[in-house]
Amino acid sequence: MAAGLEGTTVADTELSKVDGQNGVLYYRGYNIVDLGVKADFEEVAYLMWYGKLPNQAELDAFKAELVPLRALPAIVAEMLPTFPADAHPMAVLRTCVSALGTVDPEADNLSTENVQQQAKYLVAVLPTIVAAWERTRTGNAPIAPNDDLDHAANFLYMLTGVVPDAAVAEAMDAYLTCLVDHGFNASTFASRVTFATVSDIYSAVTAGVGTLKGNAHGRANQLAMEQFIEAYESGDVTQWYHDKRANKERIMGIGHRVYKVADPRGKVLGPLAQKMSASSSESHWFDVANTIEQLAGQDSYFVDRSLYPNVDYYSAIVLYMTGMPTDQFTCAFAMSRMVGWTSHVLEQLANNRLIRPKANYTGPIDLDFPAIADRE
Ligand SMILES: CC(C)(COP(=O)(O)OP(=O)(O)OC[C@H]1O[C@@H](n2cnc3c(N)ncnc32)[C@H](O)[C@@H]1OP(=O)(O)O)[C@@H](O)C(=O)NCCC(=O)NCCS
């Protein structure tokens, strides 16, 4: 039996195909490199939920449908000031997403139409919650959504109160597009398992947020950036790398359970990280990441284990260049993956069966039950 279910196929899906040997990723048949460069986030959300790319009229109507769903929910507005300012943003997000289920009177209505509507709501409202927590923990009032801005630009606006430059908004949009779905990754699997018990979409995506929070999964983007900062501040990136290796510490943002070659999302996010660094006053960030990648690429330890930069490696630089605080990076990942989680919930709903694998019991059996006085 494979530890960690490695290599085990658990269900059919039409949503995304991850080709780990050749380094290719498709969303509903479209190559991620095409989508990352040519499509915007809302277009990809439509593709995932409805199975086709929208025409212009459909896209316009879809975007207009999402806008009124962005408002900060009253329950979240009440909860945010009660959290400790040093709570991790993913812990806050997990709690707020769960709370949304308590105020939706239709939470347990599992008709396809209702679950589709809930999916739209969750995707539309998530950036508002993430931005509102950033404002709240820094002692500022949340900023209301700007109806004239698309999803990515509006998020950055709610975070800072400033309409972002087009290039920065486009980079955020490309990031969100690239992270939407990825086969049966851990958080998606957790969401599907939860929904398959005939629970509800809020429970499913709360499980998703909680799972994404892990260092081996979504939080690697935060940890990768913190490593780049540490390497830069050490004054000698090469020495920093050798020290990490000598201490047998993992390099965050490197390695993947499925990809044994470079992660295809890096083809979109790597050049974007380079472009954003070059056009800022902080061009060294791309150089730091690139130097560490080169060192790992010449190190037989990484080469022999087929360990290459994953999506979190260069996306850490992209997110940093948008001005997001590092500990909010995983929330940006959740904003994107919410489309994936909810698409999987809808796919599970269409053909649901309880997900209940077997365990291989390895302990003893038929032991004599000793009276408590006879136990050591
Ligand atoms: C992603 C990850 C969890 C995949 O893990 P996995 O498939 O369970 O693989 P393992 O953790 O068993 O690692 C396999 C081997 O590679 C090594 N390895 C994996 N990732 C490594 C990294 N980033 N740095 C150093 N060594 C690493 C392990 O130590 C192990 O070595 P061993 O065979 O000598 O024991 C792992 O590569 C990792 O921790 N990466 C850093 C975190 C990260 O970027 N996560 C985001 C994933 S998108």
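**Reading the ligand site and the cysteines**

User: Which side-chain N or O contact does the ligand make through an oxygen atom?

Analyst: A polar contact is a pair of N or O atoms within 3.5 Å. Here an oxygen atom of the ligand lies 2.7 Å from an N or O atom in the side chain of R250. Keep the ground rules in mind: this is a predicted model, where local features need pLDDT of at least 70, side-chain atom pairs count only at pLDDT 80 or more, and totals for chains, interfaces and linings use all residues. Residues are numbered from 1 along each chain as its sequence is written, and side-chain values use heavy atoms, with hydrogens and water left out.

User: Which backbones make polar contacts with the ligand?

Analyst: A polar backbone atom of G253 is 2.8 Å from a ligand oxygen. A polar backbone atom of A216 is 3.2 Å from a ligand nitrogen.

User: How many residues surround the ligand?

Analyst: Count residues with a heavy atom within 4 Å of the molecule. That gives 17, and R250, I251, G253, I254 and R257 are the closest.

User: How many disulfides does a search of the whole structure find?

Analyst: A disulfide is a covalent bond between the sulfur atoms of two cysteines. The test is a pair of cysteine sulfur atoms within 2.5 Å. The search finds 0. C96 is in none; its nearest cysteine sulfur, that of C331, is 9.8 Å away.

User: Is C96 buried or exposed?

Analyst: Buried means under 20% relative accessible area, exposed over 50%, partly exposed in between (1.4 Å probe, protein chains only). C96 is buried, at 0%. C331 is also buried, at 1%.

Methods
A polar contact is a pair of N or O atoms within 3.5 Å; within protein, one must be able to donate a hydrogen and the other to accept it, and residues adjacent in sequence count only if both atoms are side-chain atoms.
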